[in-house]
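Welcome, and thanks for taking a look at this one with me. Below are some points to follow with the sequence and the 3D view side by side.

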Amino acid sequence: MNSTSEQQDAQHLRMTTAPVPGLILSLSVPSIITCIITSVYNMADTFFVAQLGTAAVAAVGVVFSISSVLSALGFWMGTGGSSLVSLYLGAREKEKAHCAASTGFFLALGLGGVIAAGGLLALEPLMRLLGSTDTILPEAEAYAVPILLAAPFQCSSLALAQCLRAEGKSKESMAGQLAGGLLNIVLDPLFIYTLGMGIRGAGAATALSQVMVWAALLWFYVRGKTSVRISVRQVARTPRMVKLIFTTGFPSLCRHCGNALATIVLNRAAGGFGDTAIAAFSIASRVSGLALSVSIGFVQGLQPVAGYAHGSKGHARLKSAFRFCCAASMSALTALAVIIAAAAPWIVRMLSPSDGGLVETGAAVLRATSIALPFTTFINCTGTLFQAIRESARSSALVLGKQVCIYIPLLLALPRAWSMNGLMAAMPLADALGFLAALWMARSYFRRAQHAAAL
């Protein structure tokens, strides 16, 4: 037996027999660090752009919807491919794992190219659709162009990172993200101030960091240090694998597209209260995104453990992994919510220009959105559970039900009744209702699984 096969056998043994809490933590901590790094370099744009004025901060919030769509496509292909990688590795079907990883990567690369071409050809209408006002439009266009140029790299780097985590290589994924994050933080002040590029420089710094992440993650596959291979020759030649990737990753697409659509609706609704309201929600989304990095890290640790457990028929292990992930992530997010609420004025002041009205509004928005954090992480855990066991319809229904059927209607209705207070109340109320739905779905699944095991 060669050393590669021995390493793969050892990895299989670890993923299917190691104690669940320690295994999930070993996979989650690098993922949490990776997600925090990603959020920090997103916040770096807001921090440095804040010195350019309220319109510039609002423009970053408007363009964030593009990044959300790119993330949706990248996670669609990446989660679809990586979930299958975990299942196939758990079942010792390595050739299928190679095919799933390669197909997901090249699909993500192509979808990113389509978004880049379409966005650049229809830039002004796109910015207005995303909620840009006349005063924000020039800043939004300047920031969006480099972001769109880097779209193929952002999409496909997410697919690469997901596949690395799927085979238990969270540290390698973290290293690639760290390289891009540090580069972005260094380039932001250089481009914005030293080279005098303004908000376009912030976009260019983010774009170059995405290219760096892509190159660093791809290098791990080029060196042959992974259990699966990424190659054009491994891309599926029949529609079956593509369909499996599409359907398995569809809940991630729903989640991120739902978030993007909700952000667009939110920006347009906030626009009725002025640029300050758009900027306030932009800051709140960045801070909430940083907190939710912990949640995302935990569920990315859960996904390969759950995939291996399901692939190897370890149903008790699957339940144990889900319970631990929910308890750990909800405890962490509750603590972060309390910290954010207490420090809200200071946080907004740090991320905004010297505008007293923005600080007051932003602190109120930030406190309202922090309430939703513990509910959101449970919904994420439940959605990941159903993805890992290939019950994509349930995961999609949960995500779409919360975002499209609950949150967006609340965004449209509550401001009419309670003005700005209604707009701030929409997110925590939607997540509380989504939490109840997720709890019912998870309990129903495990009751059915327990009954089936007893037969």
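1. Helices here are DSSP runs of H or I with at least four residues, numbered from the N terminus. With that in hand, I339 can be placed in helix 12, which covers residues 315-342. Please keep in mind throughout that this is a predicted model.

2. Let us stay with I339 for a moment. Is I339 buried or exposed? Its relative accessible area is 53%, so I339 is exposed, the cut-off for that word being over 50%. If you would like a sense of distance, I339 and S395 are 56 residues apart in sequence, and their C-alpha atoms are 30 Å apart in space.

3. Next, the nonpolar core. The largest one has 136 residues, and I66 and M127 are those with the most contacts inside it. Which residues does I66 touch, leaving out those up to four places away in sequence? They are L126, M127, L130, A144, I147 and L148. As general background, nonpolar side chains tend to be buried together in soluble globular proteins.

4. Some nonpolar residues sit on the surface instead. F250, L261, L400 and V404 form a nonpolar patch there, and together they have about 290 Å² of accessible area. Two elements each give two or more residues to this patch: helix 10 (239-271) and helix 16 (392-454). L400 is in helix 16, and with a relative accessibility of 33% L400 counts as partly exposed.

5. While you are in helix 16, please also find S419. What is unusual about its backbone? Most residues other than glycine have a negative phi. The phi of S419, however, is positive, near 55°, and this residue is not a glycine. S419 is partly exposed, with 38% relative accessible area.

6. Now a look at a loop. Q234 is found in the loop between helix 9 (199-222) and helix 10. Although it is in a loop, Q234 counts as buried because its relative accessibility is 17%, and buried means under 20%. Setting aside residues up to four places away in sequence, Q234 touches E95, H98, C99, S102, T103 and R229.

7. One of those contacts of Q234, C99, brings us to the cysteines. How many disulfides does the structure hold? There are 0. For C99, the nearest cysteine sulfur is that of C163, and it is 11 Å away. C99 counts as buried, at 15% relative accessibility.

8. C325 deserves a separate check. Why is C325 not bonded to C381? The closest cysteine sulfur to that of C325 is indeed in C381, but it is 3.7 Å away, which is too far for a bond, because a disulfide needs the two sulfur atoms within 2.5 Å. C325 is also buried, with a relative accessible area of 0%.

9. On to charged pairs: the structure holds 7 salt bridges. One of them joins E93 and K96, with the closest N and O atoms 3.5 Å apart. E93 counts as partly exposed at 31% relative accessibility, and K96 counts as partly exposed at 37%.

10. Another salt bridge links R128 with E124, and here the closest N and O atoms are 3.4 Å apart. How are these two placed along the chain? They are 4 residues apart in helix 5 (residues 123-129), so about one helical turn separates R128 and E124. R128 is partly exposed, with a relative accessible area of 33%, and E124 counts as partly exposed at 39% relative accessibility. The pair does not stand alone, as E124, R128 and D134 are linked in a network of salt bridges.

11. A further salt bridge to inspect is the one between E391 and R394, where the closest N and O atoms are 2.8 Å apart. E391 counts as partly exposed, at 24% relative accessibility. R394 is partly exposed too, with a relative accessible area of 35%.

Methods
Residues are numbered from 1 along each chain as its sequence is written. This is a predicted model: local features need pLDDT of at least 70, side-chain atom pairs count only at pLDDT 80 or more; totals for chains, interfaces and linings use all residues. Side-chain values use heavy atoms; hydrogens and water are left out. Patches are made of residues with over 30% relative accessible area and no salt bridge: like charges are joined within 9 Å, nonpolar side chains (Val, Leu, Ile, Met, Phe, Trp, Tyr) within 5 Å. Accessible areas come from the Shrake-Rupley method with a 1.4 Å probe; for residues, only the protein chains shown count as cover. A salt bridge is a side-chain nitrogen of Lys or Arg within 4 Å of a carboxyl oxygen of Asp or Glu. Buried means under 20% relative accessible area, exposed over 50%, partly exposed in between (1.4 Å probe, protein chains only). A nonpolar core is a set of buried Ala, Val, Leu, Ile, Met, Phe, Trp, Tyr and Cys residues joined through side-chain atoms within 4.5 Å. Contact means heavy atoms within 4.5 Å.
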